[in-house]
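The following dialogue concerns how to read structural features from a set of coordinates. Please have the sequence and the model at hand.

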Amino acid sequence: RGINRDITLRHEAEEALRAREQIFSAIVGQAGDAIALLDGDTLRFIEFNDVACQGLGYSRAEFARLVVSDIQAEMDRERIQAVTDRLLSSGGGDFETRHRRKDGSLVDVRVSNRVVTIAGHNHLTSIWTDITERKAKDRELEQHRLHLEELVAERTSELASATLAAETANKTKSAFLANMS
């Protein structure tokens with residue numbers, strides 16, 4: 001005696017699920033930005049793409065042991081918790097900050113976070129973009145702007161001095177001509 005069950009539908013569903021996982025993995029893996037899923041309570045990195053760990057100089061195994069405070073260069077744990085609470089209550093948010101690489105160097109990033117609920121537990125999806133070059137160019141432009149302001153102020157001062165000298169010379173000439181006549 002035996003029981004036969006048709007498990008064709010189950011196998012088809014499992015195969016469809018595997019295919020869907022491969023599609024999402026390919027999309028996340030090909031992204032140029034760091035993508036991570038964080039536990040909303042512990043701020044541990046649960047899932048992440050290679051850009052997230054390699055961009056900060058970590059292996060996948062090393063990165064899997066980190067929490068946000070390990071890479072956050074500008075905020076202490078209290079500030080991180082306050083920002084996390086705000087993100088969780090508002091559903092997400094975007095901001096600029098700095099991350100610390102494994103070698104201690106800093107990278108400017110723009111971080112975009114959204115809250116997702118998985119199995120009744122809040123998580124944060126976090127995508128960060130390296131904006132270090134843009135920030136350096138912004139600083140360079142600001143230095144040029146300040147330099148131009150200094151040049152304009154210097155030229156304006158020189159022009160004011162030249163105008164005063166010309167007016168003085170004109171008055172002297174007028175007084176001389178008046179005396180001559």
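The turns below treat the core, one residue, the strands and the cavity.

Q: On what basis should the values be read?
A: This is a predicted model, in which local features need pLDDT of at least 70 and side-chain atom pairs count only at pLDDT 80 or more, while totals for chains, interfaces and linings use all residues. Residues are numbered from 1 along each chain as its sequence is written, and side-chain values use heavy atoms, with hydrogens and water left out.

Q: How many residues does the largest nonpolar core have?
A: In soluble globular proteins, nonpolar side chains tend to be buried together. A nonpolar core is a set of buried Ala, Val, Leu, Ile, Met, Phe, Trp, Tyr and Cys residues joined through side-chain atoms within 4.5 Å; buried means under 20% relative accessible area, exposed over 50%, and partly exposed in between (1.4 Å probe, protein chains only). Here the largest such core has 24 residues, and F45, F48, L56, Y58, F63, I71 and W128 have the most contacts inside it. At least two core residues come from each of several elements, including β1 (34–39), α5 (77–90) and β5 (121–130); helices (H or I, at least four residues) and strands (E, at least two) are DSSP runs numbered from the N terminus.

Q: Is T97 buried or exposed?
A: T97, in strand β3 (residues 92–100), is buried, with a relative accessible area of 4%. Its side chain makes polar contacts with the side chains of Q72 (3.0 Å) and E74 (3.2 Å). A polar contact is a pair of N or O atoms within 3.5 Å; within protein, one must be able to donate a hydrogen and the other to accept it, and residues adjacent in sequence count only if both atoms are side-chain atoms.

Q: In what sense do β1 and β5 pair?
A: Two strands pair if DSSP finds at least two bridges between them. β1 and β5 are antiparallel over 6 bridges, with D39 opposite H123 of β5. β4 and β5 also run antiparallel, joined by 10 bridges; R114 has T125 in β5 as its bridge partner. These two strands, β4 and β5, form a hairpin with 2 residues between them, and A119 in the turn has a positive phi of about 50 degrees.

Q: Which residues are closest to the centre of the largest cavity?
A: Rolling a probe the size of a water molecule over the atoms shows where empty space is left. On a 1 Å grid over the protein atoms alone, a cavity is a set of points where a 1.4 Å probe fits but cannot get out, and lining residues have an atom within 4 Å of a point. Grid points are joined across faces, edges and corners, and a volume is the space filled by probe spheres set on the points. The largest cavity holds about 220 Å³ of space. Its lining has 19 residues, of which V68, F95, V111, N113 and S126 are the closest to the centre. The largest share of that lining, 4 residues, comes from α5.

Technical notes. 1 Å grid on protein atoms, 1.4 Å probe; cavity = no way out; pocket = protein on both sides within 12 Å on 5 of 7 lines; lining within 4 Å.
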